[in-house]
Number of protein chains: 2
Amino acid sequence: MTKNLLVAQSGGPSAAINATLAGIIEVAIESDKIGRVYGGCFGIEGILKGHIIDISSQITCPRDLDLLQCTPGMALHTCRFKMPTPKKDPEPYQKLVDILTKLNIGYFIYIGGNDSMETALQMHLFTREQGLDIKCMGCPKTIDNDLPHTDHTPGFGSALKYVATSITEIFTDINSYGSKSVCVVEIMGRDAGWLTAGSGIAKICGGAPHLIYIPEKPFDPEECVASVKELHKTHTHVIIAVSEGIRGKDGKYVFIDPLAEGKVDAFGHAQLSGSGRYIESLVKKEVGCRVRLIEFSVLQRGSGHIASAEDLDEARDVGKAGAKLALSGVSGKMAAIERISANKNQTTDEYEYKSKIVPVDLELVAGKVRQFPVEWLLPDNTGLTQEGLDYFLPLMTSRKDVPMCKGLPVHFSFEKKYVELPQ
Amino acid sequence: MTKNLLVAQSGGPSAAINATLAGIIEVAIESDKIGRVYGGCFGIEGILKGHIIDISSQITCPRDLDLLQCTPGMALHTCRFKMPTPKKDPEPYQKLVDILTKLNIGYFIYIGGNDSMETALQMHLFTREQGLDIKCMGCPKTIDNDLPHTDHTPGFGSALKYVATSITEIFTDINSYGSKSVCVVEIMGRDAGWLTAGSGIAKICGGAPHLIYIPEKPFDPEECVASVKELHKTHTHVIIAVSEGIRGKDGKYVFIDPLAEGKVDAFGHAQLSGSGRYIESLVKKEVGCRVRLIEFSVLQRGSGHIASAEDLDEARDVGKAGAKLALSGVSGKMAAIERISANKNQTTDEYEYKSKIVPVDLELVAGKVRQFPVEWLLPDNTGLTQEGLDYFLPLMTSRKDVPMCKGLPVHFSFEKKYVELPQ
């Protein structure tokens with residue numbers, strides 16, 4: 001007897017989350033165990049409101065899936081809704097289960113970060129408790145790269161390619177000028193410095209960034225000023241890469257925008273802005289040269305035109321593996337990436353990267369954070385160790401050839417035609 | 001008897017100014033009329049200080065030129081030094097001529113915007129007056145696209161491709177969310193709205209930008225708020241593209257950052273920041289939804305990884321033509337682009353763009369500005385007319401395949417080894 005599959009997305013957008021969705025849809029459409037493929041729009045919050053579309057009727061050819069794979073952002077949209085634990089309030093879980101039962105869902109896959117993996121885990125536990133046969137799986141996604149038990153997360157490689165490329169180009173641009181300057185580049189990462197630290201790969205190519213500051217390593221303003229002054233002895237321009245959320249030696253965020261002070265989002269995370277602005281002011285005051293601040297904003301997570309081919313292809317594989325695992329009866333797991341090898345070819349000096357997708361218990365991932373190993377950052381914050389370079393570089397060596405029309409990227413979108421729930 | 005050639009760059013960087021440099025060097029190296037090819041570092045200001053390199057010794061193979069063509073920024077660096085008129089102060093001109101004579105320069109080519117064309121013109125007139133045989137030519141460059149008597153300027157097509165692509169990707173990213181919002185995108189252009197208006201091409205692909213505000217058309221805050229409210233009736237997210245410098249009905253800049261107020265650069269241009277910040281505040285206050293501000297900063301002029309192939313190839317042709325004209329005895333001219341045709345192929349719906357390079361009198365260009373024809377913008381600021389689309393679209397249909405190493409762009413740079421001037 002066939003069952004249906006429901007997939008949804010949560011958390012922040014990335015260039016690869018739709019690639020994972022494409023992988024799930026591909027396997028689900030091909031499987032004779034699955035009847036309809038449904039998509040929950042606006043995450044778990046949307047599913048609770050019945051915002052569910054019939055994906056099977058909207059994906060009509062393999063080209064649709066290829067276009068979806070190359071589309072940044074979240075084709076099923078997202079929510080920032082934090083589910084309570086079933087112990088605290090079983091009601092939303094019961095409501096979800098009722099909706100899933102009405103749609104004859106046998107497979108539920110949630111794509112997202114550690115908060116989303118928590119939701120997938122709770123759904124797994126709740127359906128088990130109720131004796132329901134719904135396989136609940138998680139697929140990882142976050143440009144923060146802060147999920148444990150996976151070598152890295154889909155979306156990270158593309159964000160890294162954008163950030164490292166942009167820093168290289170910013171440095172070349174600024175080098176046109178002859179007077180000393182500092183350029184502060186603020187990179188996403190509230191608590192995780194992976195992306196900011198990873199930008200250090202750009203140094204092997206273009207020479208920048210010269211200084212890297214991340215949340216995992218206490219920030220010392222005096223040391224920062226001294227480093228800039230020292231670098232200015234031999235460099236006209238100094239590029240500083242800094243994460244959104246850096247902390248002083250007292251463990252407190254170095255700078256919280258007064259307007260946002262005390263504000264937290266639904267997940268209890270502080271809403272930060274301004275670590276870049278803080279360093280900009282610091283350098284202006286203490287060094288006195290021209291200082292420019294560049295914030296990559298959403299472009300760093302959504303620039304499909306420069307997405308990493310390794311990333312988008314692996315993200316699709318993650319989706320395929322997640323769906324296949326669910327079909328084979330697995331539940332309560334996340335499809336994780338295991339790096340098999342990334343050795344350098346001695347002749348070409350290129351990495352020969354290989355990975356496979358493996359299941360890990362959602363319990364090991366849900367709500368947990370993996371910090372960047374600070375020992376990969378040079379003690380003076382000027383770059384990465386060889387170990388760090390060898391970790392980051394293989395994730396973004398090729399650019400995905402994405403569909404274009406009249407010189408502009410073409411993106412896939414679903415029609416928001418919600419299905420009627422059977423009574 | 002062979003003479004030498006001196007080339008320099010001025011004004012702001014772009015993705016294509018080095019392509020023009022590559023074209024000049026290519027022709028100069030191949031010509032038996034030219035001995036050495038010299039490069040003035042840091043524009044006319046650097047030449048006055050004797051900061052001149054021997055390019056001939058640093059360009060050793062055609063691959064160097066191809067790499068230079070694809071390198072954004074300014075390989076010879078720039079200055080923001082405003083030459084006085086020779087009438088006011090002939091001294092710097094006399095000094096320049098002395099340096100050029102010592103180096104046996106017979107050909108002087110200056111790459112830049114309208115201020116640089118003024119310098120090239122004055123050099124032409126001054127050398128004529130002194131009876132010196134130095135051919136002085138200008139090659140256009142500016143992402144502002146505001147030079148007259150050329151269909152467009154090298155560098156503009158690549159900036160357009162970056163801006164339009166980024167707006168498409170920002171819109172897709174923001175569409176992941178379900179609550180109403182506005183995103184203000186601030187685009188370079190102090191007095192010229194070409195680049196901001198041109199971003200309207202992205203609408204035919206992704207649907208954004210929804211509103212466009214440029215310096216050439218008076219900005220009405222009430223109308224802007226009304227437009228956003230009207231668009232929000234049918235659109236969850238509204239993207240506003242705004243030039244750095246927009247003016248109210250009184251002709252004054254709508255917003256000048258108080259910190260920068262009254263500050264002008266060496267050319268007497270107001271140093272602006274904040275038209276985006278102004279609209280952000282306006283919409284927050286009067287519409288009340290979530291508002292995000294994104295500034296493309298230097299990335300819009302220096303993103304070689306997404307440079308337009310049409311732009312980089314044409315920029316190189318401009319350089320080649322400039323050098324060939326000088327070699328054939330022409331002086332006091334700028335190598336301009338003339339659009340021959342850009343008809344749409346009825347079968348493929350693609351533009352078949354053709355152009356040629358023609359000389360125009362520097363007098364017609366120097367210090368002059370070409371304004372964007374406001375009639376190409378729809379009266380309600382929501383997009384471009386077909387005439388506007390037909391002008392902009394052919395300039396950025398293909399992406400230049402630029403050299404990469406380990407997934408990052410590779411850039412050419414000259415060694416700053418200054419030649420010793422003969423006494």
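Here are some worked exercises on the structure above.

This is a predicted model, in which local features need pLDDT of at least 70 and side-chain atom pairs count only at pLDDT 80 or more, while totals for chains, interfaces and linings use all residues. Residues are numbered from 1 along each chain as its sequence is written, and chains are lettered from A and ligands numbered from 1 in the order in which they are written.

**Exercise 1. Two copies**

Work out which turn lays chain B on chain A.

*Solution.* Step one: superpose the copies by least squares on the C-alpha atoms of residues with pLDDT of at least 70 in both. A turn of 180° with a shift of 0.0 Å along the axis lays chain B on chain A, and the RMSD is 0.0 Å. Step two: the two copies are thus related as by a two-fold rotation axis. Step three: turn to the contact residues, where two residues are in contact if their C-beta atoms, placed from the backbone, lie within 7 Å. The same surface serves both copies, since 100% of the contact residues of chain B recur in chain A.

**Exercise 2. The contact between the chains**

Find how many residues each chain gives to the contact, and which element of chain B gives the largest share.

*Solution.* Start with the totals: 46 residues come from chain B and 46 residues from chain A. Next, look for elements of chain B that give two or more residues; these are α6 (156-174), α8 (203-206), α11 (299-302) and β13 (408-409). Helices (H or I, at least four residues) and strands (E, at least two) are DSSP runs, numbered from the N terminus. With ten residues, α6(B) gives the largest share. Finally, sort the side of chain B that touches chain A by class: 20 residues are nonpolar, 21 polar and five charged. Here Ala, Val, Leu, Ile, Met, Phe, Trp, Tyr, Cys and Pro count as nonpolar, Asp, Glu, Lys and Arg as charged, and the others, Gly among them, as polar.

**Exercise 3. A covered strand**

Describe the surroundings of strand β5 (residues 135-140) of chain A.

*Solution.* First, check burial: a residue is buried if 20 or more other C-beta atoms lie within 10 Å of its own, exposed if 12 or fewer, and partly exposed in between, with C-beta atoms placed from the backbone. Six of the six residues of β5(A) are buried. Second, split the strand by face. In a regular strand the side chains alternate between the two faces of the sheet. One side of β5(A) has A:K135, A:M137 and A:C139, the other has A:C136, A:G138 and A:P140, and all are buried. Third, find the neighbours, remembering that two strands pair if DSSP finds at least two bridges between them. Strand β4 (residues 105-112) of chain A runs parallel to β5(A) and is joined to it by six bridges, with A:I109 opposite A:M137. On the way from β4(A) to β5(A), the chain passes through helix α5 (residues 114-129) of chain A. Strand β10 (residues 333-344) of chain A is also parallel to β5(A), with two bridges; there A:M334 is the bridge partner of A:G138.

**Exercise 4. One lysine**

Is B:K229 buried or partly exposed?

*Solution.* Locate the residue first: B:K229 lies in helix α9 (residues 221-232) of chain B. Then count: B:K229 has 15 other C-beta atoms within 10 Å, so this residue is partly exposed. Lastly, compare sequence and space: B:E286 is 57 residues from B:K229 along the chain, and their C-alpha atoms are separated by 9.3 Å.

Conventions. Right-handed = clockwise from strand over helix to strand, strands pointing away.
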